[in-house]
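Morning, everyone. Let me put the model up, and then we'll go through it chain by chain.

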Amino acid sequence: MKKASILMIVGPLFLLGLYFFPLWNIMLGAPQYPEPLGMNIYIDGIKGFNEFDIQNIDGLNHYIGMKTIPKPEEMWEFGMFPIVIGAMVFLGVLIGILGFINKISYKWFLGWFILMSILGVLGMYDFNAWMVDYGTNLDPHAIMKMANPDGTPMSYKPPLLGNAKMLNFDVASWPRTGAYMMFVGMMLTLIAFYLGWQQRKSTFQEVKMKSQK
Amino acid sequence: MALLGSTILFSCGNQNGEGSSSGALNSSNAEKVYVAPGEQDEFYAFMSGGYSGNLTVYGLPSGRMFKEIPVFSQFPTSGYGYSEETKPMLETSFGFVPWDDSHHPDISQTNGELDGRWIFINGNNTPRIARIDLQTFETAEIIEVPNSAGNHSSSFITENTEYVVAGTRFSVPVPQRDMPINEYKGNFKGALSFISVDPDSGHMAIKFQILMPGFNYDLSHPGRGKSHGWFFFTTYNTEEANSLLEVNASQNDKDFIAAINWKKIEEYVNNGGGTKMPANYAHNVYSDETHSATSTMVKEVLTVDPTKIPGAVYFLPTPKSPHGCDVDPSGEYIIGNGKLSADLTVHSFDKMIAAIEGKKFDGEAYGIPILKFEDVLAGTVKSGGLGPLHTEFDGKGNAYTTFFISSEVVKWKLGTWEVIDRKPTFYSVGHLMIPGGNSRKPFGKYVVAMNKITKDRYLPTGPEMEHSAQLYDITGDKMELIYDFPTHGEPHYAAGIPAELIAPKSKKIYRLADNKNEYATLTPADARVVRDGKDVHIYMSTIRSHFTPDNIEGVKVGDKVYFHITNHEQDFDVPHGFAMIGQNTSELLVMPGQTKTSIWEPKKVGVWPFYCTDFCSALHQEMQGYVRVSPADSNLELSWSLGD
């Protein structure tokens, strides 16, 4: 249980990486952008991959009527995410410590993992909803109004995960360091649960064997 | 199976065919200069523009021209010398001089090796030295050289860029005065100027001028390595003729190479030596922060009489009006290219020092000791060519000399003086250039020959043609002519450098946030029009694809309208242009983050359009605006707008 608890303390700490490294990254390359434009999505806001990328993406997007990329104060998520992550780190470490001093059972480890997973899925859902709005809610006075072959207005929603072709741009959307650190941290808590469960089983067997003697 | 067999047979046969084809040599030459689409050249070559007054940037081995950098000449393409910000760059003590004859570019060095920070070039006609920033590829500074005329033995730098040196070709009265021309002899002076270069900012200042006897100081190069601290100048017209020089300056069997111990003179002036002389010369500095130049007149120059400093200057007799003065990478050999002779004279630095220490003098000229020819001579290259002009080095113990009259490049060996190879040039070669070929560390892969005569090398373009350059591969024992390409203006000299020393530092944009131009419009909200008497200042910003503002009313006939254009783009290679109908000046080309100003004096009532001259975007053709011009006595107030 000691080893499992230590893992449970360390795992959530990996989430602190989200404060320093981007969670997600979207790159836009085109023939005239041999050095692609890109945005790094952090839990507290969106920054350009290079210094002026956001300004340049906004500049291009104004032709097709897309809204500008939101500033941190324009989306409640960027205020909320850092608090949620902070709370989850605190909670996870607390569970680990309590496990270490045998105050609570290893099952709490799984509980934390499930809660974090639900929050993660909600976050992704929210992120995707924003991208749908960003890519489809276009200015009716846009300079260029592009349509699909079937006549419906073209949408510019970047892919949540993977590569896509959008007009002259090749768009690539992939997790970055922050997300990978979160993944590793969450896996550690799952391992912590597994170790705790195994130990519990063997302790149980020992107890059984002892009682048989 | 049969198909596979025949394919193999076919391809074998094909390979054999290629190997034996007579075009094999040509096709391998083509590969040597071929830079495939999307790939980049190995070297930058900066070629002087001669009478264009500018500096052109080429790639080697492709011979592709990348840019013309305006230096001493107005350049309507970008508005250099036309915009209010850049006009001060061309100020001189003679007023605004919009042209010069640019000659000898030289790249800054550290420890005798190219460092790629700046490139210097001389204006020959109205003596000036320019410094070009190799991050922006723009002229950053121009300093006028007083007491000089025909600024030709310039602009060569010492091995830590301590000085950029400018020598006079014409000797003149110093200070200038009204006197008979035929009293030249003994009265005219030749000023050699040592211009210090600030190691951080690059800013130039004339540290001292050596007032030499009235010869013609033709070319020069610094000592390097062991001869660092010396500078060598070729002279001609030691006869001091003032008329029909082609005959009268060609009488002496030997002229001189002047060896200047500048470290000694520097010490002398640092200890208070020299004479301050009233002068008047322009010092023009451009700032990347204000995107503007300032011109300041300097009123004094420190002159030095070389005879007052024992051991500072010696003359090395050198046959027949030597032209180029070149120093090998080790600093031991000083080469006098005896223009009117068939031979090259090579002096030894060690022998020169020994002769000086042994006080073996052969008389003096105006108080300057003359060393004995035999005592300083290292060797003579008897090439059989005619009219040697310039020599460069490959760093592998070989030297390459151009011969103008016999129109060839000759490769010879330092130390043994034997000729290894000779190749014709097309035609009448002047300078040649090996990247780093006049530094401690040459990059001996190519030599470029810059020819004075083109004739039939390209499709004819009437009587006036671009000059022709030839590229030789010098990696083998024998030189191989691999390419021919036209060059802009008249390149007198060039400086080459490996691309990796410059390309990574090349600026992509100017940061708008750092723009300190007095008339910058930093946000569209700051765009406005302000009247100050007859002057109307339009603070205008540009971004794809509109001007802010684009409708302006209240301008009157007789006004002087200043368009202050700030480009708000912060993206690589997105300039915007500006031009106004009927404007008596050039367009502006404004780089991202930059501010430039253009003047318009409307003469006619009406509604007059302006537009962006650089195809900036898909909506470039929409990037336009109007100015309403009312009669001089109109009471219409100024107003401006965008998109209403």
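One definition before we start. The radius of gyration here is taken over C-alpha atoms, and the globule rule is 2.2 Å times the number of residues to the power 0.38. Keep in mind that this is a predicted model.

Chain A, then. How does its radius of gyration sit against the rule? For 213 residues, a compact globule would come out near 17 Å, but chain A has 23 Å. Now look at the box. Along the principal axes, the C-alpha atoms of chain A fill roughly 85 × 35 × 30 Å. Burial next. Of the 213 residues in chain A, 27% are buried.

Secondary structure of chain A: five helices and five strands. Follow the sequence and you read α-β-β-β-α-α-α-β-β-α. On contacts, take pairs in chain A at least 6 apart in sequence: 65% of them join residues at least 24 apart.

How far can we trust chain A? The average pLDDT is 91, and 95% of the residues score at least 70. Where is confidence lowest, and where highest? The low end is helix α5 of chain A, residues 177-212, with a mean of 85. The high end is strand β3 of chain A, residues 45-48, at 96.

Zoom in on helix α4 of chain A, residues 107-136. This helix has 30 residues. From first C-alpha to last, α4 of chain A reaches 44 Å, close to the 44 Å expected at 1.5 Å a residue. Which of its residues are buried? In α4(A) they are A:Trp108, A:Phe109, A:Trp112, A:Phe113 and A:Met116.

Now a single residue, A:Ile69. Find it in the loop between α2 (53-61) and α3 (76-100) of chain A. Buried, exposed or in between? A residue needs 20 or more other C-beta atoms within 10 Å to be buried. A:Ile69 has 19, so it counts as partly exposed. Who does A:Ile69 touch? Leaving out residues up to four places away in sequence, the contacts are A:Met39, A:Ile46, A:Ile54, A:Ile57 and A:Asp58. Take A:Ile46 from that list. A:Ile69 and A:Ile46 are 23 residues apart in sequence, and their C-alpha atoms are 7.8 Å apart in space.

On to chain B. Here we have six helices and 45 strands. What does the globule rule say this time? With 644 residues, a compact globule would have a radius of gyration near 26 Å; chain B has 28 Å, so the two agree. The C-alpha box of chain B is roughly 95 × 85 × 45 Å along the principal axes. Of the 644 residues of chain B, 51% count as buried. For contacts in chain B between residues at least 6 apart in sequence, 62% join residues at least 24 apart.

The domain assignment splits chain B into domain 1 (50-505) and domain 2 (512-641). Their C-alpha centres lie 43 Å apart. Between them, twelve residues of domain 1 of chain B are in contact with 15 residues of domain 2 of chain B. What makes up the domain 1 side? Two nonpolar residues, seven polar and three charged.

Last stop: where the chains meet. Six residues of chain B are in contact with six residues of chain A. On the chain B side, that is three nonpolar, one polar and two charged.

That's the tour. Questions, please.

Methods. Residues numbered from 1 in each chain as written. Chains lettered and ligands numbered in written order. Predicted model: local features only at pLDDT ≥ 70, side-chain atom pairs only at ≥ 80, totals over all residues. pLDDT = per-residue confidence, 0-100. Helix = DSSP H or I, 4+ residues; strand = E, 2+ residues; numbered from the N terminus. Domains from an automatic or database assignment. Contact = placed C-beta atoms within 7 Å. Nonpolar A, V, L, I, M, F, W, Y, C, P; charged D, E, K, R; others polar. Expected span 1.5 Å × (residues − 1). Buried ≥ 20, exposed ≤ 12 C-beta atoms within 10 Å, placed from the backbone.
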